[in-house]
Amino acid sequence: KLEGLKTIAVTTNGINLTRVLPQLKEAGLNAINISLDTLVPAKFEFIVRRKGTNLSSKATVLIVILCSLISGVCFNLQVNCVVMRGFNEDEVLDFVDFTKDLPLDVRFIEYMPFDGKYCCFEILLGQK
């Protein structure tokens, strides 16, 4: 732990967090950002690039929450969801419904339309 450091955070998709949470807690972790762009299991596997995780995206979020509660640490929990046209824009209300009673905040983040040196405006879901 460093003197004067108030927040130590990690951003994760949550898949391996349960395995490393004790070490992170000992290092002073007090905030977790969960990157979760979909609640649909097949899309979740596509995003995390792991087949057969046997975890739905909802289960992953709930496991992170439960692990943080069991570990006795009051983490600042946040879900970051990048909204993309043609991929998950139809899930925004599902995210609100799923998380409304959970001890976390949800941030909907606008997709950054860059793929290397090319722009990908066709999946940008911005203000019209």
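**Note on the predicted model**

1. Of the 128 residues in the protein chain, 35% are buried. The model is a predicted one, and the remarks below should be read with that in mind. The chain's secondary structure amounts to four helices and six strands. From start to end of the sequence, these elements run in the order β-α-β-α-α-β-α-β-β-β.

2. The largest nonpolar core comprises 17 residues. Ile32, Leu36, Val79 and Phe95 have the most contacts inside this core. At least two core residues come from each of helix H1 (17-26), strand E2 (31-35), H2, E3 and H4, so both helices and strands take part. E3 gives the largest share, with four residues. As a general point, nonpolar side chains in soluble globular proteins tend to be buried together.

3. Helix H4 has a buried side and an exposed one. Phe95, Phe98 and Thr99 are its buried residues. These three lie on the same side of H4 because the arc they cover around the axis is only 80 degrees. Leu93 and Asp97 are exposed on the other side of the helix. The general background is that an α-helix has 3.6 residues a turn, so residues three or four places apart point the same way. Phe95 also belongs to the core described above, where it is among the residues with the most contacts.

4. Two salt bridges are present in the structure. In general, side chains of opposite charge can pair when their charged atoms come close. One of the two joins the side chains of Lys43 and Glu91, at 3.2 Å from N to O. This pair connects distant parts of the chain, with the two positions 48 residues apart in numbering: Lys43 sits in helix H2 (residues 41-48), and Glu91 in the loop between strand E3 (76-83) and helix H4 (92-99). How accessible are Lys43 and Glu91? Lys43 is partly exposed, at 22% relative accessibility, while Glu91 is buried, at 3% relative accessible area.

5. The other salt bridge is between Asp97 and Lys100, whose closest N and O atoms are 3.0 Å apart. Asp97 is one of the exposed residues of H4. Lys100 also counts as exposed, because its relative accessibility of 55% is over the 50% cut-off.

6. The loop between E3 and H4 also holds Asn88. Is this residue buried or exposed? Asn88 has a relative accessible area of 1%, and is therefore buried. In sequence Asn88 is 50 residues from Thr38, yet their C-alpha atoms are 6.2 Å apart in space.

7. Strand E4 (residues 105-110) contains Ile109. The relative accessibility of Ile109 is 28%, so this residue counts as partly exposed. Ile109 and Asn80 are separated by 29 residues in sequence and by 6.8 Å in space, again taken from C-alpha to C-alpha.

8. The largest pocket has a volume of about 190 Å³. Which residues line this pocket? The lining consists of Asp37, Phe46, Ile47, Arg49, Met84 and Phe87. Sorted by class, four of the lining residues are nonpolar and two are charged, with no polar residue. The charged pair is Asp37 and Arg49, because Asp and Arg both count as charged.

How values were computed:
Residues numbered from 1 in each chain as written. Predicted model: local features only at pLDDT ≥ 70, side-chain atom pairs only at ≥ 80, totals over all residues. Heavy atoms only, no water. Salt bridge = Lys/Arg side-chain N within 4 Å of Asp/Glu carboxyl O. Buried < 20%, exposed > 50% of the residue type's maximum accessible area, 1.4 Å probe, protein only. 1 Å grid on protein atoms, 1.4 Å probe; cavity = no way out; pocket = protein on both sides within 12 Å on 5 of 7 lines; lining within 4 Å. Points joined across faces, edges and corners; volume = space filled by probe spheres on them. Arc of directions from axis to C-beta. Core = buried A, V, L, I, M, F, W, Y, C linked by side-chain atoms within 4.5 Å.
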